Amino acid sequence: MATRTDPKKDVVIIGLGWTGAIMGMELANEGLEILALERGDDRSTVPDFQYPNIFDELKYAVRYDLMQKPVNSTLTVRHNTAETALPYRHLGSFLPGDGVGGAGVHWNGQNWRPQAVEYRLRSYVEETFGADIIPENMQLQDWGVTAEELEPHMTKFESVAGIAGKAGNINGEIQEGGNPFEAPRSAEYPMPPLKNTWDSELFAEAARKMGYHPFPRPAANASIQYTNDYGMQLGPCNYCGYCERFGCNNYSKSSPQVCILDALKRKPNFSYMTRSEVLKIEKAADGKTATGVTYFDEKTGEEVFQPADLVLVCAYSLHNVHLLLLSEIGEPYNPDTGEGVVGRNYSYQMTGGTSLWFRDKVFNPFVGTGAGGMSIDDFSMSQIDFGKEGFIGGSYITAGHTGGRPIQQMALPPGTPAWGAGWKEAVGEWYGHSLSIGSHGSNMAYRDTCLDLDPTYKDRHGRPLMRMTFDWKDNDIRMTQFMKARIEEIAETLNPDAMASGYKGDGAQYDVRPYQSTHNVGGAIMGTDPKTSAINRYLQSWDCHNVWVMGASAFPQNIQYNPTGAVGGLAYWALEALRKDYLPNPRPLM
Amino acid sequence: MRDMPGRPSRRGFLKGSAAGVAIASLAGAVKAQAPEKEAPPPLDQYERVYFNEAEWAFVMAACDRLIPSGGNGPGAIDCRVPVFIDRQLAGNFGKAATWYMQGPFDPAANPTLGFQSPLTPAEIYRQAIPVFQDWCSQTHGDRFENLEAAKQDAALTSLQKGEVGLAPELRDFFQFLLANTKEGYFADPSYGGNHDMQAWVYVGFPGARGAFTSWPGRENARYPLGPVAINGDRA
């Protein structure tokens, strides 16, 4: 029970990553009194990401210094509802961030918009191929919002974050050199594309020769100097090769710090507390609204009740769902009955890759940036005949060195021993001689891929851990095997000295050990039917109208792209509804 | 951090204290102009912070087979990898300080569910090494460090394949040992391994330079500068 009650705020924000910073900034501009609660540490470019200390692969990439510490917060995992879930005791498969900036500090910066068909995937599949092709237990859903509706908000986020890229479709006009398969956009990217690394040029040339349509990856790594909507300045990227798992020392990689927070912190009506973990969203007696949140103030060791008129849930997607379950906001999903909404439709990301080694090519892989590189979308969702291929989904295919860190980014040809004289010879011979073509793809949600509360394991506050039930399914394995065949066709035209592919195959079990992707989505999904979604199309809780839930927890199934672009766009979309429709008259919308 | 002329070498200070050398004598030993690097103590005189003598003998021998000296490139011993592992096990990694270590535990669970041992990495090294040593004695006739190289390789292969009778809570031992050895080979030298950045020089990694603005897109051009460490040292 709370030992302290603080003065009421208009808005309390849970989590100060991308969406918390966006909501804070825009609602502070409305004159509201705002408090953001962040359970991790405070973080700023200087001193936390400064040169040269940030260039420490062991500390940040291997020991996860900027990530969530499982000792403080984790979840349990099982493959199916018959298994006993066990704790994710140290990080591997996915790396939730904590601290100010959240995962927006340590991302690579690949900033995509979903394709138009992805927002209405169930409708698109039914209209185009017939409902019969949807596998049993695949819970395909529409988002309840369209690409056209989200377009201005995607543009706003790209403008704030400062995205470098080349448009492929401006208001329906296909643009040379961009992605011809993207949803129409209203404007060119804020910045021109980054410089290409040689490996991505080789890939693009090979793809072009095969009739595909290569374009630069949309990058949250600044290609030029840039000042955004909030007066925040980004400096051009110097291709240091330390994006993924690191903070940017150069004010080049878009993060909440670089793009929003230093401006937000100057606002007198905004304040934030670190080391303040929200334990529960408190509900009014009638259960229809929240009264505020109870959080643990680590600095004083107190439980604090923070009253607020509006509660914005802006933590990492998994933690959003955990907090809703703990707060009993929305009926928990039950995979046995298929009823309930909170925890429904967890999904992940299906990735694979083919590496190529060239004895006579020197790539300097340490010259890289998190999102630079070239991609093709010729095998994306809108381009695949799901009926013919026997799966629902798609991938973008891409190449580009993001870094050459020797502990974790040492690609060695197949047959190289894991240790001994042969390994040592190989690292000397092959470091810097490889390129990799990756497939980054969709992952569908199923009746049993879900999140609920674990019956056994507790966190440090005595609350049940969240339990993840997830495994790979045939549909998604067929999708990645399709991509493998396409990528190997491209790769072979480059005549490498050696080549190796890594894709999920038949019978693959989800393995929490190797890093795969931090694109955990779903669990508090958006939609137009309160029976199958936890939040409405404006990201407002169906159950408590003054609780709004941001982030990738809203995705009904995973897109084929990295989620941050859509997460940012959805935040601005929700803000418009909040500002124009909700704040003047607080109530359930729609 | 660059050492300033005429100022005590911080790098020397750190190495000296690790070696148990009297600090006062070091400051005076640093020359006014180009500060000379203090040679670290030989590995057999290194003052350990975690391993006991028997463990140290094993880790020295094992590292020497996982990344042997001879041939092209430095070996793990040349790079002082055992020092790195010793310090890692004494620190947060060895203590599993950031890991979720609440029970109940099911160390024999499906490995795809990840680490499930109740033991920390440091405890796993401590408990697994004697088991492996006994296995080496029974199977190959002597303790690991006394075996000839080919038998050591065979024993490590058996360890890697899970054939030496380790209890489930120790089953990650080889993976820790191998991963820590490679980490010590390639991590910044401040952690005690990658001595003189030899492993970075060998593969051509420039370390903490961190600025390559004019380099993207160059075809088949080898980056010309050698590595720099976080403390400013250059190889």
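**Exercise 1.** In which sense do strand E4 and E21(A) of chain A pair, and over how many bridges?

*Solution.* The model is predicted. Step one: locate the strands. E4 covers residues 75-78 of chain A, and E21 covers residues 464-469 of chain A. Step two: read the pairing. E4 and E21(A) run in the parallel sense, with four bridges. Step three: pick a residue pair. Thr76(A) has Arg467(A), in E21(A), as its bridge partner.

**Exercise 2.** Describe the pairing of E21(A) with strand E20 of chain A, and the burial of E21(A).

*Solution.* Step one: E20 spans residues 450-458 of chain A and pairs with E21(A) in the antiparallel sense, over five bridges. Opposite Met466(A) in E21(A) stands Leu453(A). Step two: examine the connection. The two strands, E20(A) and E21(A), make a hairpin with five residues between them. In the turn, Gly462(A) has a positive phi of about 85 degrees. Step three: check accessibility. Five of the six residues of E21(A) are buried, leaving the strand mostly covered.

**Exercise 3.** Place Gly420(A), and decide whether this residue is buried or exposed.

*Solution.* Step one: Gly420(A) sits in the loop between strand E18 (395-399) and helix H11 (421-430) of chain A. Step two: its relative accessible area is 6%. Buried means under 20%, so Gly420(A) is buried. Step three: list the contacts. With neighbours within four places in sequence set aside, Gly420(A) is in contact with Arg65(B), Leu66(B) and Pro68(B).

**Exercise 4.** Characterise the interface between chain A and chain B.

*Solution.* Step one: count residues. Chain B contributes 69 residues to the contact and chain A 63 residues. Step two: give the area. About 5400 Å² is buried between the chains, and carbon and sulfur atoms give 60% of that. On the chain B side, Tyr100(B), Thr112(B) and Leu113(B) lose the most area to chain A, together 14% of what that side buries.

Step three: list polar interactions. There are 32 residue pairs in polar contact across the interface, both residues at pLDDT 80 or more. The count of salt bridges is one. Arg63(A) and Glu183(B) meet through their side chains in a salt bridge, at 2.7 Å from N to O.

Step four: assign the chain B side to helices. Those that each supply at least two residues include H3 (53-66), H4 (81-90) and H8 (173-186) of chain B. The largest share, seven residues, comes from H8(B). Step five: sort by class. The side of chain B that touches chain A has 36 nonpolar, 24 polar and nine charged residues.

Methods. Residues numbered from 1 in each chain as written. Chains lettered and ligands numbered in written order. Predicted model: local features only at pLDDT ≥ 70, side-chain atom pairs only at ≥ 80, totals over all residues. Heavy atoms only, no water. Contact = heavy atoms within 4.5 Å. Buried area = accessible area lost by both parts, 1.4 Å probe. Salt bridge = Lys/Arg side-chain N within 4 Å of Asp/Glu carboxyl O. Polar contact = N/O pair within 3.5 Å; in protein donor to acceptor, adjacent residues only side chain to side chain. Nonpolar A, V, L, I, M, F, W, Y, C, P; charged D, E, K, R; others polar. Buried < 20%, exposed > 50% of the residue type's maximum accessible area, 1.4 Å probe, protein only. Pairing = 2+ DSSP bridges.
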